Amino acid sequence: MIELEDFLFFSSMEKGKVAETAPLLHNYALAYAMSWAVSPYYHEHQAPEYERHLQPLNHEGIYIFPASPVEVTHRLMQYNTTPEPFLMTRAQSLGYPNWGFIKCIRPGSRFETYALSYNPLSFPSRIRLGKWMSQARLEVEEVDPERGKGKHCPAMINVQDLPKIPTYFTSMYNVLPTRLVMGAEWENEVEGYWVGEVFLPEAVFWWR
């Protein structure tokens with residue numbers, strides 16, 4: 001369980017002057033937040049290197065699913081960085097908005113995710129998420145998943161990480177860097193794990 005202790009913002013959709021935060025936590029962001037994947041402090045070129053950063057986790061047999069919302073509420077905030085000089089001039093715009101609205105997620109919102117590993121994992125008590133590096137608290141419960149097959153997964157999953165794409169789903173989120181879906185179903189049973197009544201499909205980072 002992940003509980004926010006601060007306002008969380010990342011832009012998953014922009015509607016005019018409003019940048020919205022989707023009610024989810026991407027599994028690649030969680031891998032970095034847990035310090036399982038490490039990104040260098042300095043990037044000479046602003047280009048993501050998810051494959052290089054996340055592949056070592058595949059070799060160690062570690063995978064974390066995207067976090068599904070359990071209880072999420074939003075708040076709309078306004079920002080305004082318009083300069084206030086006595087003389088107003090109109091220079092060429094750089095394309096950065098200087099005012100608008102941010103729809104962020106409130107503190108107290110909770111998410112649920114699953115992490116798989118061949119060996120015991122260590123989790124930090126708190127992690128940082130989103131554009132503002134917002135603090136979130138973790139509650140970890142160790143379970144013993146059973147290997148098996150299934151056709152329906154109620155949890156949030158990353159389509160990019162699956163060996164077999166679901167046939168149906170109830171919700172899809174077009175977020176970067178990859179799409180996430182909920183309520184996935186396959187026509188035929190696929191390999192995976194059972195955690196109680198929840199089926200989780202086989203997945204590794206950046207499968208295709």
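Which element gives the most to the lining of the second largest pocket? The structure examined is a predicted model, in which local features need pLDDT of at least 70, side-chain atom pairs count only at pLDDT 80 or more, and totals for chains, interfaces and linings use all residues. Residues are numbered from 1 along each chain as its sequence is written, and side-chain values use heavy atoms, with hydrogens and water left out.

The largest pocket (on a 1 Å grid over the protein atoms alone, an open set of points where a 1.4 Å probe fits, with protein on both sides within 12 Å along at least five of seven lines) holds about 1100 Å³ of space. Its lining, meaning residues with an atom within 4 Å of a point, comprises 33 residues, and F9, F10, S11, G130 and K131 lie nearest the centre. At least two lining residues each come from β3 (18–20), α1 (27–33), β7 (99–105) and β10 (126–129).

The second largest pocket has a volume of about 970 Å³. Y114, A115, L116, S117 and V143 are the closest to its centre among the 33 residues that line this pocket. Two or more lining residues are given by each of α2 (50–59), β4 (62–64), β9 (115–117) and β16 (184–195). The most is given by β9, with 3 residues.

A search of the whole structure for disulfides (pairs of cysteine sulfur atoms within 2.5 Å) finds 0. C104 counts as buried (under 20% relative accessible area, 1.4 Å probe, protein chains only) because its relative accessibility is 0%. C153 is likewise buried, at 0% relative accessibility.

Conventions: Grid points are joined across faces, edges and corners, and a volume is the space filled by probe spheres set on the points. Helices (H or I, at least four residues) and strands (E, at least two) are DSSP runs, numbered from the N terminus. Buried means under 20% relative accessible area, exposed over 50%, partly exposed in between (1.4 Å probe, protein chains only).
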